[in-house]
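Hi everyone, thanks for making time this morning. I'd like to walk you through one fold, so have the viewer open and follow along.

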Amino acid sequence: MTEGGGTRLALVGAGGWACRRIAAVLSGMGALAAVCDQDEQRAASCGQKYSVGHYGDVGGMIRGEAFDGAVVAAPAAARAAAISELLGAVKHVCAQWPPACGAAGVGELLGLADKRKAVLSCLPVVRPSMAAEVVRNAASSGAYGRLMSFDIRTRGGPAPAYTGRDDCDYGDGRGGGSGSDDADGDDADDARARAVRAMQADAAYTANLMFDAAPQVVFAVSGGPEGGRPGGHLTTMLGYGGGLAATISINLETGSSSETAEAVLEGAVIRADLSEGFVRTEPAAAGPGPGPGRTARNRRYPHDSLSLDLQLRSWLEDFADAISRGGGQGRRGRAARGAARGAVHALAALKAARASLLSARRGIPIYLDLR
């Protein structure tokens with residue numbers, strides 16, 4: 001029996017650093033069932049390394065292997081077709097974020113998953129989600145009270161992974177966007193603006209996971225040169241109701257470079273330096289002085305390292321738990337239900353990213369109904 005409760009998971013995609021790390025984590029869990037890649041030699045190399053079956057196409061793997069679900073980490077342009085084929089065969093799916101098919105495509109896949117009674121989740125292999133895992137654990141433990149706000153701030157040049165993300169639709173007229181008034185296609189060839197939108201969508205998805213909810217209102221202020229188009233600067237505020245809020249501030253027009261995240265809970269502040277890879281939790285001071293959500297000054301707190309492998313294992317265990325236990329009880333049960341709602345939060349993030357462009361252009365809040 002595997003550590004995921006006997007759940008067997010296949011991997012679609014064997015190329016690139018993300019696929020290699022996912023394969024290693026699945027193997028370490030004892031859950032890796034098979035590997036599939038369009039490059040059969042690459043699939044064979046990975047399959048032989050972990051002593052599992054290897055295939056050159058998803059259909060062949062479905063026919064040749066017994067498995068419960070699959071992690072789809074193929075190139076972005078190939079993900080939607082692989083997800084659709086797997087769901088059609090009643091296989092649960094955890095797909096690497098971001099989806100290349102845009103909001104409309106994600107909505108169609110969610111409909112198919114619902115029809116097939118299958119779990120469709122997302123695996124966010126992005127830096128903000130590493131801090132998100134720490135915050136999720138702290139919030140679910142109840143040790144520091146409820147989560148109140150979540151902020152992500154990025155300064156300096158974007159990573160190549162963002163500037164090269166051309167297959168995804170963030171409501172800007174690219175990747176299947178409609179080109180309507182709320183699609184900002186005029187600057188679609190600006191790599192820096194493209195990176196801002198990609199980073200914003202990642203941060204919005206992370207915030208949705210934090211609150212396990214979709215935003216109700218979006219307000220964005222752009223630093224673009226004209227027409228509200230985000231050039232290298234975009235600040236977005238997401239309101240989740242009940243006083244809960246997230247702020248995403250991206251400024252690529254500065255000389256310094258950093259990426260940080262901060263979560264405020266009733267009894268603590270969790271601060272992460274995503275660039276340096278560490279996080280610290282600062283409990284609120286007792287008695288007179290700082291109130292809930294504020295911390296005592298001039299005190300040193302230990303730094304914990306942010307590990308992508310630990311994050312991947314946690315997410316994949318939650319996905320396996322969602323399959324094997326269908327939710328269950330306690331912290332693991334809540335985590336499993338969160339994994340099952342991952343694609344719903346992804347859809348809400350893509351719609352929020354689209355709404356932010358419209359808000360920045362018009363200078364008004366955009367109210368959403370993403371229930």
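Before we start, one convention: two strands pair if DSSP finds at least two bridges between them. With that in hand, strand E5, residues 92-96, pairs with E6 through 4 bridges, and the two run parallel. One position to click on is Gln-96, which stands opposite Leu-123 in E6. And please keep in mind that this is a predicted model.

Now zoom out to the sheet those strands belong to. Its 6 strands make an open sheet with parallel pairing, in the order E3-E2-E1-E4-E5-E6. Which strands stand at the edges? They are E3, residues 53-55, and E6, residues 120-123; each has a single partner strand, so one side of each has no neighbour in the sheet. On average, neighbouring strands here are turned by 20 degrees against each other, ignoring direction.

Let's move along the chain to strand E11, residues 258-265. Of its 8 residues, 6 are buried, so the rest of the structure largely encloses this strand. On one hand, E11 is joined to E7, residues 147-155, by 8 bridges, running antiparallel. On the other, 6 bridges link E11 to E12, residues 268-273, again antiparallel. A hairpin of 2 residues makes the connection from E11 to E12. Ala-263 is a nice residue to select: in E11 it is the bridge partner of Phe-150, and it also stands opposite Ile-270 in E12.

Next, the helices, beginning with H8, residues 191-211. How far apart are its end C-alpha atoms? The answer is 31 Å, and this agrees with the 30 Å that its 21 residues should span at 1.5 Å a residue. Because 19 of those 21 residues are buried, H8 is largely enclosed by the rest of the structure. Just after H8, Asp-212 takes a positive phi of about 50 degrees.

For contrast, look at Ala-81, in helix H4, residues 76-88. Is Ala-81 buried or exposed? Its relative accessible area is 54%, and the cut-off for exposed is over 50%, so Ala-81 counts as exposed. From Ala-81 to Cys-101 is 20 residues in sequence and 9.5 Å in space, C-alpha to C-alpha.

Finally, some overall numbers. The protein has 11 helices and 15 strands, and 53% of its 371 residues count as buried. It exposes about 15,600 Å², with carbon and sulfur atoms supplying 48% of that. Among contacts between residues at least 6 apart in sequence, 66% join residues at least 24 apart. Thanks for listening!

Technical notes. Residues are numbered from 1 along each chain as its sequence is written. This is a predicted model: local features need pLDDT of at least 70, side-chain atom pairs count only at pLDDT 80 or more; totals for chains, interfaces and linings use all residues. Side-chain values use heavy atoms; hydrogens and water are left out. The expected span of a helix is 1.5 Å times one less than its number of residues. Buried means under 20% relative accessible area, exposed over 50%, partly exposed in between (1.4 Å probe, protein chains only). Axes are lines fitted to C-alpha atoms, for helices over the stretch in contact, and angles run from 0 to 180 degrees between N-to-C directions. Contact means heavy atoms within 4.5 Å. Accessible areas come from the Shrake-Rupley method with a 1.4 Å probe; for residues, only the protein chains shown count as cover.
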